[in-house]
Amino acid sequence: MDYSPRDIEQKWKQYWEDNEVYKVSNHSDKPKYYVLDMFPYPSGSGLHVGHPLGYIASDICSRYKRLKGFNVLHPMGYDAFGLPAEQYAIESGVHPAVSTFENIARFRKQMDNLGFSYDWSREVMTCDPAYYKWTQWIFLQLFQHYYDKSAEKAMPVAGLVAHFEQEGNSGIKAASNQERIFSAAEWANMTPREKDEVLMNYRLAYRKVTYVNWCEALGTVLANDEVKDGVSERGGYPVERKPMMQWSLRITAYAERLLNDLQELEWSESMKAMQSNWIGRSEGAQLFFGLEGSDEKIEIYTTRADTIFGATFMVLAPEHDLVAKLTTPKQRAAVDEYLSYVKTRSERDRVSDVKAVTGAFIGAYAINPFNGAKIPIWISEYVLKDYGTGAIMAVPADDERDRRFAEKFGLEIIEIIDKSMHPGATIEDKVGVMINSDFLNGMEVLDAIEAIMQRIEDMGIGKRQVNYKLRDAIYSRQRYWGEPFPIVYDPDGVAHAMATNDLPLELPELDDFKPASGGVSPLGRATDWVNLAHGWKRETDTMPGFAGSSWYFLRYMDARNEKEFASQQALNYWRDVDLYIGGTEHAVGHLMYSRFWHKFLYDKELAPTKEPFRKLINQGMIQGVIESVYYHKEERRFYSAELAKAMDTNGFAEIPVHIDFISEYGSDESYLSAEGIRQFKNWRQEYQSTEFVFSPGSDKFYTKSEVGKMSKSKFNVINPDDVVAQYGADCFRMYEMFLGPIEQAKPWDIKGISGVSNFLRRFWGLFFDDKGNFNVSEASPAKEEWKILHQAIKKVSEDIERFSFNTCVSAFMVAANELKKLNCNKREVLEPLVLLIAPFAPFVAEELWNRLGHEGSIHANGQYPAFNPEYLKEDSVQYPIAINGKTRGTVDFPADARKEDLEKAAVELEMVKKWADGKTIRKVIVVPGRMINIVIG
RNA sequence: GCCGAAGUGGCGGAACUGGUAGACGCGCUGGACUCAAAAUCCAGUGGUGGCAACAUCGUGUGGGUUCGAGUCCCACCUUCGGUACCA
C-alpha cells in the first residue's frame, strides 16, 4: 500500500478526538511537565506558515515527554480581545464577538489539521465572560493591595487604612506616589474624595492623570510597547502625548524583583538583556539644590554626583511644576514661546530628531550646595518629566547631551575629569582623575562618587537613590472590545470595587462601536449600563490587551473552575510552565506583565512559584517574500524590475502583487508571465489599461522580491492548509523543523519539502514489500542494524533535549537511508523507530504502530525506546592521521589499543614515513578514540 | 550610539566539550527505467591544478594562542533583532 497521508491523517484525527487521547488529568502519580505556546490573536487572515513553527516544536516536546512517562499539560487558547476586531466592527458593523468567533473557528480548524496534541477541554478565550470574570477578579485584588517595601510584598489596602487611622502615613514604606506626609488627625478630617485620592497613590491598580500615548485615529490610549517609532503598532497611526485620567498598574513596585529574578530563568541572554534594559535600573543620588532668592528647592537625580563641581546649569523638564513659579517676568515670553513649541511636538518628533537642541532660560538661578556657585536654570525637552525627578544638574564637561546644550547656548564648561591616562575612553566611561573639584581633586571617579555620596548624606542635602526606566503600565483603553472594569463611582467620584459575587461584569450590547465624543470609550453610549441608581456610574474604559494574557497560563491548569481562577490543588500540581515557546515580539510587554501578575499572586499565596515561565524558547519568524511591480508615477506605466532599477527608482511606486500570480515565486528571477499580468489586471481593475514595459525581446515581466513579514496587506500569506493538502501534516511538520534552528528567522521556501516527502515515503516503504503488502520480519537484527537504531535513538533524544529539531530530522533520514540499504524490515528495529518518530510525525507513527499489531494510540500507550550504548561499541576505530595538524589519511586500529601502542604503530605507517622522509618526527599526539597527529620538522 | 544574535558550498543548514569542515536535504551533472515526460532508483557534486593517485587553497577580514582553531583570545567589517535624549 502506498503512503497516503490524506487517508491516515483523516482517520487518526477522528480517532484522537473520539477517544480524547490528549485529555490530561490534574491527578497523576507521574511527574508533571507543562509545555505552553504563546496563544495567538485570532486575526482575520488566519494562520500562516509562520505561526505553527513554535506550535510544532512545542508539540514535539509534549509528545516526547509523554512517551517518556510525564503527565504533560499542553493547552491552547486565544488572546481574543483586541483592536482589529473592533476596527472591523466599525467598518462593517459586524459585532466583534461574531467576527472573533468566526476567526477562532478557522484557527481551530487549521490547527487540527496539523495534528497537535492540545487538550482542547482546557481551551481559554480571553473574551469569554467565564474567563474574564477572573481577569476582573485579579484586577480587583490589585486595586485592593499596595506594595509594602518593608515586607517586600503586596499587602491589603485595609491594613494601610488602619495604619493611617492610627499614625497617618509616616512609618509606612510603600511603593507610592504620595508625596505629602499627613497625620492621623489629618486623615480623619479628609473627605471621602480626598481619602480616595490618597489611597490611589498607594494601590497597585490606581487612577491618576498621566501623560499618555493618545492615538486619535484609534480613539484610544496605547501602552508604550504598543507604540513603535511614534506611530501605533497596529495600524501605524500617529500618536501624541496627552494628559488624561487613566487607570495604571504599579509594576514599578516590582522592578527590583523583576530584575533580580531574571537570573534564575533559563531564557536566552538576549531576552534577559531586553528585559533588564527595559527595567533600566540605575544607582545614583537624589539631591536638593537651593534657589537664589527663594525658599523653594529643586530636587534632581544624578548617577554622577562626583561631577557636581562641573555643574554649570540646571535643566527642568518643560512640564516640571516649578517652571511656572520660577520663571522671571523678563523671561516669561521666551519661556511661554518655548512651552507652546513643546506642545506641538509629538512623541514622534521627539524621537525622530534626537540631535536637535532646544531650550529656554527661565531667569532663575540655583545655588550649588558645595561651592555656592550661581547656576542658571533652563528648560528643555531632553529632560523627561517621568524619569527621576524631572530635573537634572547639567555637567557639560562630562555628558554628551549637556555639552551639546552648553555649546548651543554658550554656557560655561568646566573640565572636572582628567582622562589623559585613559586614551580612547569616552565621555561616558567612569574613569579618570578628578580636577577642579575641591575635596575630590586627585580621586579616581569611582572613589569620588562614593566620597561625595557620603558627604551629601552627612550634609543632609540628599540621599542614595535607585531609579528605574520602567514606568507604571497604563491600563485604560477607550475601546469596546476589552474587559470592563469592575469599578463603580459614587456621586463624589470615588472609585469602589464591585462585589466579587457580581462578577463577571459583562460588556453591554452595542450596535455602534465608534468611540463616544471627548475620548470616551464606546461604552459611554450604553447609558443604561453606565448609569446606576442614586447617581452611581460605571467605569466606561476597558482593560488593555495584556490584561487577559497576563495570567492565562494559570487558567489552563483548571480552566473550567467556576469558584476560583484555578484551584490550589491544580496550581500546586502544575506549579509553573516548564517550557514556553513564542516569538521575541513579546519580549518586553507580555512577558514583563505576566511576571508581574504572577509575582503579585505569589505574594498573595495564590501562585506557588516566583516566576511563571522557567524555560523560554523564542522561535524565529518565518518571513515571506513580498512581490511587487514598479509603477512609474509620472508615466503611469509599469516597468520590468531590471529596467526600473537602471532608472531612478525614486520615480517609481512599488505596487504589491498577489504571490499567486507570480512565476518562479521566491527566486531572484520571479516574474509575471502574460497570464500573470492578466490575473493582476483582473485583480486590480484600476490598472486594466496600464501599459507594461518589458526589456526588448523578453516575454518575462520581472518583479521585485524582498524578504519581509507575511501579511494580508502584502498578499504573500501562505496557508499551511494548502501545504498539508499536498504533502500531509507529518511532512509539513517535519519540513518546518528541518528548515533550520528553531530560534533563527528564515524566509519561507517550499523548494526543499520534496526531500522530506521522499523521506517519509522511504520510511513507510521499510514496512512494505515490493507488492505493497505490510511485511515486517520477526528475525533478530544484525549487529549493524542494531547500531543504526541506537545511533538514531541517541541522536534524536539528545537533540530534542537541546531543542535542535532540524538535526533530529536529519538523523531520521540517515537511519532510513541506511536501513533501506540493508533492506532491513525487522520488527525489533522498526518498532522502536516508529516510537522515536512519533513526536515528529504523529499520524504515520500511529498508522504503523497499529499495523504492527498494537491496540490503541501510540501517543497514549507507547514508551520511548531506551538507548543502549552496547550497540554502538566497535572492535576497531578509524583514526584520522594528521601530519602537522593536517589530516592526510585514515587507519583502523583496535578500539582498545593503548596510547603507547598507537604512538608506536603510527610512526611505522607507510604514509607517515613518506611525509617524514628527510625530516625528524618531533612529537606524536594521540587522543585515544579520536585522532593521531604527528609533528614533523 | 548602546545591548544582543549571527556571518560556513549555488541554496537551507551540520560539526554539542578545540580533534577527518561541509552531515542531512534542495539544486545541479551523468546514468537506469520510459515511445517520451513526470515520478522513482543509482552514481557524482567546495574552488583550483591533474587521466589519476594526489597536491593546493578554503568557515566575513586582519592578527594571536595551540601539536591542531568554524570552535578560544584581540582588533575590525557586514547583516539582523532590541533600544534610544534615562541624567
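This passage describes the surroundings of RNA strand B and of two serines in a predicted model.

RNA strand B is surrounded by 51 residues. Ser270, Thr303, Leu739, Met813 and Asn933 are the closest of them. By class, this surface holds 21 nonpolar residues, 18 polar residues and twelve charged residues. On the RNA side, the atoms within 4 Å of the protein were sorted by type. Sugar or phosphate accounts for 60% of these atoms, and bases account for the rest.

Individual polar contacts were then examined. Ser270 uses its side chain: an N or O atom there is 3.4 Å from a sugar or linking oxygen of RNA strand B. Leu384 uses its backbone instead. One of its backbone N or O atoms lies 3.0 Å from a base nitrogen of the strand. Ser810 also approaches a base nitrogen of RNA strand B, with a polar side-chain atom at 3.4 Å.

Both helices and strands give two or more residues to this surface. The helices are H10 (269-279), H25 and H27 (805-821). The strands are E13 (294-302), E35 (876-883), E36 (886-894), E37 (921-927) and E38 (931-936). Helix H27 provides the largest share, six residues.

Helix H25 also borders the loop that holds Ser777. This loop runs between H25 (753-765) and helix H26 (783-801). Ser777 has a relative accessible area of 18%, so it counts as buried, the cut-off being under 20%. Beyond its neighbours within four places in sequence, Ser777 is in contact with Asn825, Lys826 and Arg827. Phe767 is ten residues from Ser777 along the chain. The C-alpha atoms of these two residues are 9.1 Å apart.

Ser476 is a second loop serine. Its loop lies between strand E21 (473-474) and strand E22 (487-489). The relative accessible area of Ser476 is 0%, and therefore this residue is buried too. Its side chain reaches the backbone nitrogen of Trp247 at a distance of 2.7 Å. Trp247 is also among the residues that Ser476 touches when those up to four places away in sequence are not counted. The others in that set are Val221, Gln246, Phe485, Asp541 and Thr542.

Definitions and conventions:
Residues are numbered from 1 along each chain as its sequence is written. Chains are lettered from A and ligands numbered from 1 in the order in which they are written. This is a predicted model: local features need pLDDT of at least 70, side-chain atom pairs count only at pLDDT 80 or more; totals for chains, interfaces and linings use all residues. Side-chain values use heavy atoms; hydrogens and water are left out. Helices (H or I, at least four residues) and strands (E, at least two) are DSSP runs, numbered from the N terminus. Buried means under 20% relative accessible area, exposed over 50%, partly exposed in between (1.4 Å probe, protein chains only). Contact means heavy atoms within 4.5 Å. A polar contact is a pair of N or O atoms within 3.5 Å; within protein, one must be able to donate a hydrogen and the other to accept it, and residues adjacent in sequence count only if both atoms are side-chain atoms. A residue is near a molecule or strand if one of its heavy atoms lies within 4 Å of it. Ala, Val, Leu, Ile, Met, Phe, Trp, Tyr, Cys and Pro count as nonpolar, Asp, Glu, Lys and Arg as charged, and the others, Gly among them, as polar.
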